[in-house]
Amino acid sequence: KIFQAVVSCIGGDGTIYIIPKSFETALNKLMAEIQNTFKGLGLLIPYCWKKGEACVVRGSDTVWYRAKIIEVSGSTLQVQYVDRGYIESIPQCHLYPTTFYTGIPPFCIPCQLYKTLPIGNFWQQDAVDYLQELLKNEEVEIHVEEIPDNPWGKLSISLYFGGMSLSSFMAYQKYCVAEDCQDIEKLGVFDGDLSPSYVLQPLPVPGETFPVTVTHLVSPKELYICLDSYGNLTKPCDTEKAASHDSESLDKSLKWCNKIVKTLPHLTNFKKELPCLAEYVDGLWYRAKVLSVTELVPVQILVQFVDYGTYLVAPTSRLRHIPSHLLKYPVQAVRVLLAGFKPASDDRNVERIPYSPEWSLKALWTMVDCVEGKRLSASVLSVSPEVTISLYGDDKNLVHMKLLEMGLAELDE
(Lines give C-alpha, C1' and ligand atoms only; values in the text may rest on other atoms or scores of the structure.)
Protein backbone atom coordinates (compact mmCIF):
# COMPACT_ATOMS: atom_id res chain seq x y z
CA LYS A 1 0.00 0.00 0.00
CA ILE A 2 1.22 3.48 -0.90
CA PHE A 3 -0.17 6.64 0.69
CA GLN A 4 0.69 10.25 1.58
CA ALA A 5 1.30 11.13 5.22
CA VAL A 6 2.62 13.93 7.43
CA VAL A 7 5.50 13.14 9.79
CA SER A 8 4.35 14.30 13.24
CA CYS A 9 7.60 13.57 15.09
CA ILE A 10 10.72 11.43 15.36
CA GLY A 11 11.04 9.42 18.59
CA GLY A 12 14.27 9.39 20.60
CA ASP A 13 14.91 5.85 19.32
CA GLY A 14 14.42 6.89 15.68
CA THR A 15 10.77 5.79 15.46
CA ILE A 16 9.03 7.78 12.72
CA TYR A 17 5.48 8.76 13.69
CA ILE A 18 3.21 9.49 10.73
CA ILE A 19 -0.37 10.69 10.31
CA PRO A 20 -1.89 9.49 7.00
CA LYS A 21 -3.44 12.36 5.02
CA SER A 22 -6.67 10.36 4.84
CA PHE A 23 -6.95 10.61 8.66
CA GLU A 24 -6.72 14.39 8.80
CA THR A 25 -10.46 15.18 8.62
CA ALA A 26 -11.36 12.70 11.39
CA LEU A 27 -8.46 13.92 13.56
CA ASN A 28 -9.48 17.57 13.16
CA LYS A 29 -13.06 16.67 14.09
CA LEU A 30 -11.88 14.84 17.23
CA MET A 31 -9.61 17.73 18.22
CA ALA A 32 -12.50 20.21 17.89
CA GLU A 33 -14.66 17.96 20.08
CA ILE A 34 -11.93 17.72 22.76
CA GLN A 35 -11.56 21.52 22.85
CA ASN A 36 -15.32 21.91 23.36
CA THR A 37 -15.36 19.31 26.16
CA PHE A 38 -12.29 20.47 28.13
CA LYS A 39 -11.85 24.14 28.93
CA GLY A 40 -9.71 26.01 31.42
CA LEU A 41 -7.02 24.37 33.56
CA GLY A 42 -6.16 20.74 34.26
CA LEU A 43 -6.98 18.78 37.42
CA LEU A 44 -5.93 20.90 40.40
CA ILE A 45 -6.84 18.47 43.23
CA PRO A 46 -4.47 15.62 44.24
CA TYR A 47 -4.82 12.51 42.07
CA CYS A 48 -3.01 9.16 42.01
CA TRP A 49 -1.82 8.76 38.44
CA LYS A 50 -0.98 5.31 37.09
CA LYS A 51 1.34 4.28 34.27
CA GLY A 52 -0.60 3.67 31.04
CA GLU A 53 -3.61 5.74 32.18
CA ALA A 54 -5.50 7.73 29.55
CA CYS A 55 -5.74 11.48 29.92
CA VAL A 56 -5.91 14.76 28.05
CA VAL A 57 -2.97 17.18 28.15
CA ARG A 58 -3.00 20.95 27.82
CA GLY A 59 -0.03 21.62 25.53
CA SER A 60 2.22 24.68 25.49
CA ASP A 61 -0.03 26.00 22.69
CA THR A 62 -3.00 25.86 25.19
CA VAL A 63 -4.67 23.18 23.03
CA TRP A 64 -5.91 19.93 24.63
CA TYR A 65 -4.57 16.61 23.24
CA ARG A 66 -5.20 12.93 23.91
CA ALA A 67 -2.32 11.35 25.81
CA LYS A 68 -1.30 8.45 28.03
CA ILE A 69 0.94 8.31 31.11
CA ILE A 70 4.38 6.82 30.36
CA GLU A 71 6.03 7.43 33.74
CA VAL A 72 5.11 8.92 37.11
CA SER A 73 7.80 10.80 39.05
CA GLY A 74 6.61 13.16 41.80
CA SER A 75 4.64 16.16 40.59
CA THR A 76 5.86 15.75 36.99
CA LEU A 77 4.48 13.12 34.64
CA GLN A 78 5.94 11.81 31.42
CA VAL A 79 3.19 11.56 28.83
CA GLN A 80 2.94 10.52 25.19
CA TYR A 81 0.62 12.39 22.84
CA VAL A 82 -1.19 9.42 21.31
CA ASP A 83 -2.17 11.25 18.08
CA ARG A 84 1.25 12.88 17.57
CA GLY A 85 3.74 10.38 19.03
CA TYR A 86 5.97 12.76 20.94
CA ILE A 87 6.83 12.33 24.62
CA GLU A 88 7.00 15.20 27.08
CA SER A 89 7.32 15.83 30.82
CA ILE A 90 4.30 17.77 32.05
CA PRO A 91 3.30 19.19 35.50
CA GLN A 92 0.18 17.45 36.88
CA CYS A 93 -1.84 20.68 36.75
CA HIS A 94 -1.87 20.49 32.92
CA LEU A 95 -3.45 17.00 32.79
CA TYR A 96 -6.95 15.67 33.23
CA PRO A 97 -7.79 11.96 33.60
CA THR A 98 -10.52 10.78 31.25
CA THR A 99 -11.93 7.64 29.68
CA PHE A 100 -13.48 9.72 26.90
CA TYR A 101 -12.17 8.91 23.41
CA THR A 102 -10.27 5.77 24.52
CA GLY A 103 -12.31 3.73 22.05
CA ILE A 104 -10.86 5.70 19.13
CA PRO A 105 -7.53 4.25 17.88
CA PRO A 106 -4.50 6.61 17.76
CA PHE A 107 -4.30 8.63 14.55
CA CYS A 108 -0.50 8.47 14.31
CA ILE A 109 1.31 5.29 13.29
CA PRO A 110 4.78 4.38 14.64
CA CYS A 111 7.08 3.27 11.80
CA GLN A 112 10.59 2.01 11.18
CA LEU A 113 12.59 2.01 7.95
CA TYR A 114 12.45 -1.35 6.17
CA LYS A 115 15.71 -3.34 5.98
CA THR A 116 17.67 -0.38 7.34
CA LEU A 117 20.27 -0.91 10.06
CA PRO A 118 21.48 2.17 12.01
CA ILE A 119 25.22 2.44 12.60
CA GLY A 120 25.89 0.85 16.03
CA ASN A 121 22.52 -0.97 15.87
CA PHE A 122 20.59 2.02 17.20
CA TRP A 123 19.93 5.52 15.90
CA GLN A 124 22.57 7.91 17.21
CA GLN A 125 21.40 11.25 18.63
CA ASP A 126 22.80 13.26 15.69
CA ALA A 127 20.89 11.02 13.26
CA VAL A 128 17.64 11.46 15.25
CA ASP A 129 18.16 15.24 15.29
CA TYR A 130 18.79 15.23 11.54
CA LEU A 131 15.64 13.17 10.87
CA GLN A 132 13.63 15.54 13.06
CA GLU A 133 14.96 18.62 11.25
CA LEU A 134 14.42 17.05 7.83
CA LEU A 135 11.00 15.45 8.25
CA LYS A 136 8.95 17.02 11.07
CA ASN A 137 5.57 18.33 9.82
CA GLU A 138 6.51 17.51 6.22
CA GLU A 139 4.33 15.55 3.78
CA VAL A 140 5.96 12.35 2.55
CA GLU A 141 5.10 9.23 0.54
CA ILE A 142 4.83 5.97 2.47
CA HIS A 143 5.26 2.49 0.96
CA VAL A 144 4.14 -0.19 3.43
CA GLU A 145 6.60 -3.11 3.33
CA GLU A 146 5.68 -5.25 6.38
CA ILE A 147 2.82 -5.27 8.88
CA PRO A 148 3.93 -5.95 12.51
CA ASP A 149 2.76 -9.16 14.23
CA ASN A 150 1.87 -7.11 17.31
CA PRO A 151 -0.84 -4.52 16.48
CA TRP A 152 1.00 -1.99 18.69
CA GLY A 153 4.32 -2.69 16.93
CA LYS A 154 6.04 -0.57 14.30
CA LEU A 155 5.04 -0.60 10.68
CA SER A 156 8.00 -1.36 8.39
CA ILE A 157 8.03 1.23 5.61
CA SER A 158 9.98 2.76 2.77
CA LEU A 159 9.68 6.54 3.01
CA TYR A 160 10.15 8.87 0.04
CA PHE A 161 10.59 12.64 0.20
CA GLY A 162 10.79 14.71 -2.96
CA GLY A 163 11.28 11.53 -5.00
CA MET A 164 14.18 10.28 -2.84
CA SER A 165 14.33 7.22 -0.60
CA LEU A 166 14.99 8.17 3.04
CA SER A 167 16.87 4.90 3.65
CA SER A 168 19.19 5.55 0.70
CA PHE A 169 19.70 9.16 1.70
CA MET A 170 20.54 8.31 5.34
CA ALA A 171 22.89 5.54 4.12
CA TYR A 172 24.62 8.07 1.85
CA GLN A 173 25.05 10.29 4.94
CA LYS A 174 26.65 7.29 6.75
CA TYR A 175 23.95 7.20 9.44
CA CYS A 176 22.88 3.65 8.57
CA VAL A 177 23.26 0.71 6.21
CA ALA A 178 20.34 0.14 3.84
CA GLU A 179 19.99 -3.41 2.57
CA ASP A 180 18.00 -2.36 -0.47
CA CYS A 181 19.93 0.63 -1.83
CA GLN A 182 19.32 0.23 -5.54
CA ASP A 183 17.99 3.77 -5.85
CA ILE A 184 20.84 5.53 -4.05
CA GLU A 185 22.09 6.70 -7.43
CA LYS A 186 18.93 8.80 -7.68
CA LEU A 187 20.70 11.21 -5.38
CA GLY A 188 22.70 12.11 -8.46
CA VAL A 189 25.97 12.43 -6.60
CA PHE A 190 27.62 9.58 -8.50
CA ASP A 191 27.59 11.25 -11.89
CA GLY A 192 30.60 9.30 -13.18
CA ASP A 193 30.85 9.57 -16.95
CA LEU A 194 27.16 10.29 -17.42
CA SER A 195 26.15 13.37 -19.38
CA PRO A 196 22.70 14.15 -17.99
CA SER A 197 20.41 16.67 -19.67
CA TYR A 198 17.01 18.24 -19.08
CA VAL A 199 13.77 17.24 -20.77
CA LEU A 200 12.23 19.96 -22.95
CA GLN A 201 8.71 21.26 -22.36
CA PRO A 202 6.18 20.06 -24.99
CA LEU A 203 4.22 22.95 -26.53
CA PRO A 204 0.54 23.07 -27.54
CA VAL A 205 -0.17 22.56 -31.23
CA PRO A 206 0.19 25.61 -33.52
CA GLY A 207 -2.95 27.73 -33.69
CA GLU A 208 -4.19 26.81 -30.21
CA THR A 209 -4.41 29.66 -27.68
CA PHE A 210 -3.04 28.89 -24.22
CA PRO A 211 -2.31 30.89 -21.02
CA VAL A 212 1.31 31.83 -20.30
CA THR A 213 3.46 33.84 -17.91
CA VAL A 214 6.56 35.71 -19.04
CA THR A 215 9.47 34.85 -16.73
CA HIS A 216 12.36 36.70 -18.41
CA LEU A 217 12.91 39.21 -21.20
CA VAL A 218 16.11 39.22 -23.25
CA SER A 219 14.82 41.91 -25.63
CA PRO A 220 11.33 43.14 -26.63
CA LYS A 221 11.25 40.35 -29.22
CA GLU A 222 13.05 37.50 -27.39
CA LEU A 223 11.69 36.22 -24.09
CA TYR A 224 11.02 33.17 -21.93
CA ILE A 225 7.50 31.96 -21.13
CA CYS A 226 5.98 29.37 -18.80
CA LEU A 227 2.77 27.54 -19.61
CA ASP A 228 0.13 28.66 -17.13
CA SER A 229 -2.91 26.78 -15.83
CA TYR A 230 -5.33 29.43 -14.60
CA GLY A 231 -7.63 28.36 -17.45
CA ASN A 232 -9.58 31.57 -18.11
CA LEU A 233 -9.54 30.87 -21.84
CA THR A 234 -10.70 27.57 -23.20
CA LYS A 235 -10.64 24.23 -21.38
CA PRO A 236 -6.99 23.49 -20.47
CA CYS A 237 -5.36 21.12 -22.95
CA ASP A 238 -3.43 18.00 -21.94
CA THR A 239 -0.13 19.83 -22.40
CA GLU A 240 -1.15 22.53 -19.91
CA LYS A 241 -2.45 19.99 -17.38
CA ALA A 242 0.80 18.03 -17.61
CA ALA A 243 2.85 21.24 -17.27
CA SER A 244 0.84 22.28 -14.20
CA HIS A 245 1.30 18.87 -12.54
CA ASP A 246 5.02 18.84 -13.39
CA SER A 247 5.40 22.32 -11.93
CA GLU A 248 3.74 21.32 -8.62
CA SER A 249 5.85 18.14 -8.32
CA LEU A 250 9.00 20.07 -9.25
CA ASP A 251 8.26 22.70 -6.59
CA LYS A 252 7.94 19.96 -3.94
CA SER A 253 11.16 18.27 -5.04
CA LEU A 254 13.04 21.59 -5.04
CA LYS A 255 11.75 22.38 -1.56
CA TRP A 256 13.27 19.11 -0.32
CA CYS A 257 16.51 19.76 -2.22
CA ASN A 258 16.83 23.12 -0.46
CA LYS A 259 16.64 21.26 2.86
CA ILE A 260 19.45 18.84 1.97
CA VAL A 261 21.53 21.03 -0.35
CA LYS A 262 24.51 21.17 2.05
CA THR A 263 24.90 17.40 1.69
CA LEU A 264 25.23 17.60 -2.11
CA PRO A 265 28.79 17.91 -3.52
CA HIS A 266 30.02 21.13 -5.11
CA LEU A 267 30.16 21.18 -8.90
CA THR A 268 33.64 20.49 -10.27
CA ASN A 269 32.79 19.85 -13.92
CA PHE A 270 31.87 23.00 -15.89
CA LYS A 271 31.01 21.44 -19.22
CA LYS A 272 28.62 23.56 -21.28
CA GLU A 273 24.91 22.69 -20.84
CA LEU A 274 25.66 20.55 -17.75
CA PRO A 275 22.63 20.52 -15.37
CA CYS A 276 23.27 21.67 -11.81
CA LEU A 277 21.68 23.36 -8.80
CA ALA A 278 22.53 27.05 -8.40
CA GLU A 279 21.85 29.45 -5.56
CA TYR A 280 19.92 32.55 -6.61
CA VAL A 281 20.13 35.97 -4.93
CA ASP A 282 17.12 35.07 -2.73
CA GLY A 283 19.23 32.37 -1.03
CA LEU A 284 17.22 29.51 -2.54
CA TRP A 285 18.54 26.84 -4.91
CA TYR A 286 17.04 26.23 -8.35
CA ARG A 287 17.68 24.06 -11.39
CA ALA A 288 20.25 25.57 -13.73
CA LYS A 289 22.69 24.70 -16.49
CA VAL A 290 26.29 25.75 -17.07
CA LEU A 291 26.85 28.13 -20.00
CA SER A 292 30.50 29.19 -19.70
CA VAL A 293 33.43 29.98 -17.43
CA THR A 294 33.62 33.79 -17.30
CA GLU A 295 36.62 34.17 -14.99
CA LEU A 296 39.43 31.86 -13.88
CA VAL A 297 40.75 33.60 -10.74
CA PRO A 298 38.54 33.25 -8.82
CA VAL A 299 36.47 30.84 -10.89
CA GLN A 300 33.15 32.43 -11.95
CA ILE A 301 30.55 30.47 -13.92
CA LEU A 302 27.73 31.83 -16.07
CA VAL A 303 24.61 29.72 -15.50
CA GLN A 304 21.03 29.92 -16.68
CA PHE A 305 18.06 29.03 -14.48
CA VAL A 306 16.19 26.67 -16.78
CA ASP A 307 12.75 27.15 -15.22
CA TYR A 308 12.86 30.95 -15.55
CA GLY A 309 15.35 31.78 -18.33
CA THR A 310 17.32 34.21 -16.12
CA TYR A 311 21.14 34.27 -15.98
CA LEU A 312 23.63 34.55 -13.13
CA VAL A 313 27.41 34.66 -12.80
CA ALA A 314 28.16 32.57 -9.70
CA PRO A 315 31.23 31.34 -7.79
CA THR A 316 31.64 27.56 -7.50
CA SER A 317 30.44 27.74 -3.86
CA ARG A 318 26.95 28.51 -5.20
CA LEU A 319 26.83 25.52 -7.58
CA ARG A 320 26.04 21.92 -6.59
CA HIS A 321 25.45 18.57 -8.23
CA ILE A 322 21.80 18.09 -9.11
CA PRO A 323 19.95 14.96 -7.85
CA SER A 324 19.15 13.00 -11.00
CA HIS A 325 15.42 12.64 -10.23
CA LEU A 326 15.12 16.41 -10.79
CA LEU A 327 16.03 15.86 -14.44
CA LYS A 328 12.76 14.05 -15.19
CA TYR A 329 10.71 17.27 -14.96
CA PRO A 330 10.59 19.24 -18.21
CA VAL A 331 12.19 22.70 -18.15
CA GLN A 332 9.44 25.16 -17.27
CA ALA A 333 10.71 28.16 -19.28
CA VAL A 334 10.57 28.09 -23.09
CA ARG A 335 12.58 30.56 -25.20
CA VAL A 336 10.35 32.18 -27.83
CA LEU A 337 10.45 34.97 -30.39
CA LEU A 338 7.46 37.30 -30.81
CA ALA A 339 6.10 37.70 -34.32
CA GLY A 340 4.75 40.74 -36.12
CA PHE A 341 7.15 43.56 -35.26
CA LYS A 342 10.76 44.68 -35.48
CA PRO A 343 12.88 47.56 -34.08
CA ALA A 344 11.80 50.99 -35.31
CA SER A 345 14.26 52.29 -37.89
CA ASP A 346 13.76 55.86 -36.64
CA ASP A 347 13.98 55.18 -32.87
CA ARG A 348 16.04 58.16 -31.69
CA ASN A 349 16.58 56.91 -28.11
CA VAL A 350 20.33 56.90 -27.48
CA GLU A 351 20.37 54.29 -24.69
CA ARG A 352 20.47 50.86 -26.33
CA ILE A 353 20.48 47.29 -25.01
CA PRO A 354 24.26 46.47 -24.95
CA TYR A 355 23.87 42.90 -26.19
CA SER A 356 21.03 43.74 -28.61
CA PRO A 357 21.75 47.32 -29.81
CA GLU A 358 19.04 47.28 -32.48
CA TRP A 359 16.60 47.82 -29.56
CA SER A 360 16.43 50.84 -27.26
CA LEU A 361 16.27 50.41 -23.51
CA LYS A 362 12.99 52.36 -23.56
CA ALA A 363 11.49 49.67 -25.83
CA LEU A 364 12.64 46.97 -23.40
CA TRP A 365 11.14 48.70 -20.34
CA THR A 366 7.90 49.39 -22.21
CA MET A 367 7.62 45.68 -23.04
CA VAL A 368 8.36 44.80 -19.38
CA ASP A 369 5.39 46.99 -18.35
CA CYS A 370 3.20 45.22 -20.92
CA VAL A 371 3.93 41.69 -19.68
CA GLU A 372 5.08 41.85 -16.03
CA GLY A 373 2.57 40.30 -13.64
CA LYS A 374 -0.06 40.11 -16.42
CA ARG A 375 -2.31 37.25 -17.43
CA LEU A 376 -1.21 36.62 -20.97
CA SER A 377 -2.10 34.16 -23.68
CA ALA A 378 -0.10 32.88 -26.61
CA SER A 379 -0.47 31.02 -29.86
CA VAL A 380 2.38 29.12 -31.53
CA LEU A 381 3.00 30.17 -35.12
CA SER A 382 6.02 27.97 -35.85
CA VAL A 383 8.51 25.79 -33.97
CA SER A 384 11.33 25.80 -36.53
CA PRO A 385 13.95 27.14 -36.85
CA GLU A 386 12.91 28.84 -33.58
CA VAL A 387 9.69 28.83 -31.56
CA THR A 388 7.73 31.88 -32.74
CA ILE A 389 4.49 32.98 -31.08
CA SER A 390 1.86 35.68 -31.01
CA LEU A 391 1.50 37.04 -27.47
CA TYR A 392 -1.76 38.64 -26.26
CA GLY A 393 -2.41 40.81 -23.21
CA ASP A 394 -5.29 40.92 -20.70
CA ASP A 395 -7.36 42.82 -23.26
CA LYS A 396 -6.74 40.10 -25.91
CA ASN A 397 -4.72 42.58 -28.02
CA LEU A 398 -1.19 41.80 -29.20
CA VAL A 399 1.26 43.01 -26.51
CA HIS A 400 3.56 44.75 -29.01
CA MET A 401 0.84 47.23 -30.06
CA LYS A 402 2.02 49.62 -27.31
CA LEU A 403 5.53 49.66 -28.83
CA LEU A 404 4.06 50.44 -32.26
CA GLU A 405 1.97 53.30 -30.81
CA MET A 406 5.04 54.81 -29.10
CA GLY A 407 7.20 54.55 -32.23
CA LEU A 408 9.57 52.09 -30.54
CA ALA A 409 8.83 49.30 -33.04
CA GLU A 410 7.31 48.91 -36.46
CA LEU A 411 5.28 46.21 -38.18
CA ASP A 412 7.17 43.30 -39.65
CA GLU A 413 5.15 41.49 -42.26
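Q: Is K342 buried, partly exposed or exposed, and what is its relative accessible area?

A: This is a predicted model, and the values here are computed from it. Between 20% and 50% relative accessible area, a residue counts as partly exposed. K342 has 33%, so K342 is partly exposed.

Q: With which residue does K342 form a salt bridge?

A: To call a salt bridge, look for a side-chain nitrogen of Lys or Arg within 4 Å of a carboxyl oxygen of Asp or Glu. The partner of K342 is E410, and their closest N and O atoms are 4.0 Å apart. This pair links distant parts of the chain. K342 sits in strand β22 (residues 341-343), while E410 sits in strand β27 (residues 409-411). They are 68 residues apart. E410 is partly exposed too, at 25% relative accessibility.

Q: Which residues are joined into one network by salt bridges that share partners?

A: K21, E24 and E139 are joined in this way.

Q: How many salt bridges does a search of the whole structure find?

A: The search finds 13. Two of the pairs involve R335, so take that residue next.

Q: Which parts does the salt bridge between R335 and E222 tie together?

A: Start with the contact. The side chains of R335 and E222 meet with N to O at 2.9 Å. Then place each end. R335 lies in strand β21 and E222 in strand β15 (residues 222-227), so the tied parts are 113 residues apart in sequence.

Q: Are R335 and E222 buried or exposed?

A: Check each residue against the cut-offs. R335 has 31% relative accessibility and counts as partly exposed. E222 has 18%, so E222 counts as buried.

Q: What distance, N to O, belongs to the salt bridge of R335 and E386?

A: Here the distance is 2.6 Å. E386 lies in the loop between β25 (376-382) and β26 (388-392), and R335 lies in strand β21, so this pair ties together parts 51 residues apart in sequence. E386 counts as partly exposed, at 32% relative accessibility.

Q: Into which domains is the protein divided?

A: A domain need not be one unbroken stretch of sequence; read the bounds with care. Domain 1 covers 1-183. Domain 2 is made of 208-230 + 333-411. Domain 3 covers 265-322. The centres of domain 1 and domain 3, taken over C-alpha atoms, are 40 Å apart.

Q: How much space lies in the largest pocket, and which residues are closest to its centre?

A: Begin with volume, then look at the lining. The largest pocket holds about 730 Å³ of space. It has 29 lining residues, and V82, P106, C108, P110 and W152 are the closest to its centre.

Q: Which strands each supply at least two residues of that lining?

A: They are β3 (54-58), β4 (64-73), β5 (76-81) and β8 (109-113). Residue class adds another view. The lining of the largest pocket has 20 nonpolar, six polar and three charged residues.

Q: Which residues lie nearest the centre of the second largest pocket?

A: L200, K289, V331, A333 and R335 do, out of 18 lining residues. R335 is the residue that pairs with E222 and with E386. The second largest pocket holds about 460 Å³ of space.

Q: Where does the lining of the second largest pocket come from?

A: Ask about strands, then domains. Strand β21 (residues 333-338) gives the largest share, three residues. Domain 2 and domain 3 each give at least three residues. By class, this lining has eleven nonpolar, three polar and four charged residues.

Q: How many aromatic pairs does a search of the whole structure find?

A: The search finds 17. To read a pair, take the centre distance and the angle between the planes. F23 and F107 are 6.1 Å apart centre to centre, with 75° between the planes, and the pair is edge-to-face. F23 lies in the loop between β2 (16-20) and α1 (24-37), and F107 in the loop between β7 (95-97) and β8, so the pair ties together parts 84 residues apart in sequence. F23 is partly exposed at 30%, whereas F107 is buried at 10%.

Q: What angle lies between the planes of Y81 and Y86?

A: The angle is 50°, and this pair is tilted, with 4.7 Å centre to centre. Y81 is buried, with a relative accessible area of 2%. Y86 is partly exposed, at 26%.

Q: Which residues form one aromatic cluster?

A: F38, W64, Y96, F100 and Y101 do.

Note on methods:
Residues are numbered from 1 along each chain as its sequence is written. This is a predicted model: local features need pLDDT of at least 70, side-chain atom pairs count only at pLDDT 80 or more; totals for chains, interfaces and linings use all residues. Side-chain values use heavy atoms; hydrogens and water are left out. Domain bounds come from an automatic or database domain assignment. On a 1 Å grid over the protein atoms alone, a cavity is a set of points where a 1.4 Å probe fits but cannot get out, and a pocket is an open set with protein on both sides within 12 Å along at least five of seven lines; lining residues have an atom within 4 Å of a point. Grid points are joined across faces, edges and corners, and a volume is the space filled by probe spheres set on the points. Helices (H or I, at least four residues) and strands (E, at least two) are DSSP runs, numbered from the N terminus. Ala, Val, Leu, Ile, Met, Phe, Trp, Tyr, Cys and Pro count as nonpolar, Asp, Glu, Lys and Arg as charged, and the others, Gly among them, as polar. Buried means under 20% relative accessible area, exposed over 50%, partly exposed in between (1.4 Å probe, protein chains only). Rings of Phe, Tyr and Trp (its six-membered ring) pair if their centres lie within 6.5 Å; planes under 30 degrees apart count as stacked, over 60 as edge-to-face and the rest as tilted.
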